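Got the viewer open and a selection box ready? Let's take a walk through this one, stop by stop.

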Amino acid sequence: GSNGTIDGQGRMWWELWWNRTLNHTRGHLIELMNSTNVLISNVTLRNSPFWTVHPVYCRNVVIKDLTILAPLNAPNTDGIDPDSSSEVCIEDCYIESGDDLVAVKSGWDQYGISVGKPSSNIIIQRVSGTTPTCSGVGFGSEMSGGISNVLVRDLHIWNSASAVRLKTDVGRGGYITNITIANVTMEKVKVPIRFSRGSNDHSDDKYDRTALPMISDIHIVDIVGVDVQRAPMLEAVHGAVYEGICFRNVSLTAIRRQIRWQCESVYGEAHEVFPAPCEELRNNGSSSSWCGLP
């Protein structure tokens, strides 16, 4: 508390990673396991070797009023990563890092499936910051135990790769469902909203190549982006179908490169959206009840 500082002195670890001489995993700056009723607040966290705050298998966690700082090229310096945890509130945080500002996770491939501890009932609100290579709020890519019932609101992102990103892969299994993302503002973001396939990133070669993720009931509303490079890119993992995707009241202006949405195996509705969405999200002019405001 009292806005003290914890400095992870991560540069030696980043250099090992940059030089491809790292023989071990890197430590998190703060990691909590199997904990209940946790409060982390009013502290500055700097230069984590790897992820900065990582609650895993935790319940009733409040993380608020944090300042998290790492050089923008520091690898994998995620800000806050709730992992297989429930009843989590993350709010009023400022984050600059070389990876996702906040990433919701729930385990990796067959290990996450076997443990089977989802991340659920999570609120992420009033978070702001920048990350040149990743997203303001990410889901996954390790999400094999499932992610559900997440509300993200009042997010402000600038000079970043994405504002919101869903990341998964063949072999993950699991699900991401009942997600609401509301009131997001962004400036100078490359891809404002992105659903992306993984890059064949697995812990070992024992993963089930038939395990596909299930993505459904994703509501993205009240989004404003200026000086973005592209329209949203929504690409499902090969063999999977993402459904129940709702966009409402989205305005993305001053698009500098690709104005057309890119959608593959992603289906739902879009209302009051600019630029015009892809055919998979086109509605017939009527507002449906399932794609209403949250």
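Start by selecting serine 86: it is buried, with a relative accessible area of 15%, under the 20% cut-off for that label. Keep in mind as you click around that this is a predicted model. Serine 86 sits in strand β6, which covers residues 86-96. Now show what surrounds it: leaving aside neighbours within four places in sequence, serine 86 is in contact with Cys58, Arg59, Asn60, Ser120 and Asn121.

One of those contacts, Asn121, makes a good next selection. Asparagine 121 has a positive phi of about 55 degrees although it is not a glycine. You'll find asparagine 121 in strand β8, residues 119-130. Is asparagine 121 buried, exposed or partly exposed? It is partly exposed, at 37% relative accessible area.

Another asparagine to pick is number 37, in strand β3 (residues 36-46). Asparagine 37 also isn't a glycine, yet its phi is positive, about 60 degrees. With a relative accessible area of 60%, asparagine 37 is exposed.

Time to zoom out and switch to cartoon. The protein chain has two helices and 16 strands. Its radius of gyration is 18 Å, close to the 19 Å that the globule rule gives for 294 residues, so the chain is as compact as a globular protein of that length. Along the principal axes, the C-alpha atoms fill a box of roughly 55 × 40 × 40 Å. Of the 294 residues, 55% are buried. Turn on a contact map and look away from the diagonal: among contacts with a separation of 6 or more, 76% are between residues 24 or more positions apart.

Next, try a surface view. The chain exposes about 12,400 Å², and carbon and sulfur atoms supply 48% of that. If you colour by charge, there are 25 positive and 32 negative charges, with mean positions 4 Å apart.

Back to the backbone for two peptide bonds. Select glycine 140 and serine 141: a cis peptide bond joins them, with omega about 5 degrees. Serine 141 is in the loop between β9 (135-139) and β10 (147-168). Then jump to phenylalanine 274 and proline 275, also joined by a cis peptide bond, omega about 0 degrees. Proline 275 belongs to the segment after β16 (266-274).

Now for the cysteines. How many disulfides does a search of the whole structure find? Two. Select cysteine 246 and cysteine 291, whose sulfur atoms are 2.1 Å apart in a disulfide. Their link is right-handed, with 85 degrees about the S-S bond. Cysteine 246 lies in strand β14 (residues 242-253) and cysteine 291 in the segment after β16, so this pair ties together parts 45 residues apart in sequence. Both cysteine 246 and cysteine 291 are buried.

The other bond joins cysteine 263 to cysteine 278, S to S 1.9 Å. Its torsion about the S-S bond is about -80 degrees, so this disulfide is left-handed. Cysteine 263 is buried at 12% relative accessible area, and cysteine 278 is buried at 8%. Number the bonded cysteines in sequence order and the pairing reads 1-4, 2-3.

Last stop: unpaired sulfurs. Cysteine 89 is in no disulfide, and the nearest cysteine sulfur, in cysteine 93, is 9.0 Å away. Cysteine 89 is buried, with a relative accessible area of 17%. Finish on cysteine 134: its sulfur is 18 Å from the closest cysteine sulfur, again in cysteine 93, too far for a bond. Cysteine 134 counts as buried too, at 11% relative accessibility.

Technical notes: Residues are numbered from 1 along each chain as its sequence is written. This is a predicted model: local features need pLDDT of at least 70, side-chain atom pairs count only at pLDDT 80 or more; totals for chains, interfaces and linings use all residues. Side-chain values use heavy atoms; hydrogens and water are left out. Helices (H or I, at least four residues) and strands (E, at least two) are DSSP runs, numbered from the N terminus. Buried means under 20% relative accessible area, exposed over 50%, partly exposed in between (1.4 Å probe, protein chains only). Contact means heavy atoms within 4.5 Å. The radius of gyration is taken over C-alpha atoms; the globule rule is 2.2 Å times the number of residues to the power 0.38. Accessible areas come from the Shrake-Rupley method with a 1.4 Å probe; for residues, only the protein chains shown count as cover. Lys and Arg count as positive and Asp and Glu as negative; His and the chain ends are not counted. The place of a charge is taken as NZ of Lys, CZ of Arg, CG of Asp or CD of Glu. A disulfide is a pair of cysteine sulfur atoms within 2.5 Å.
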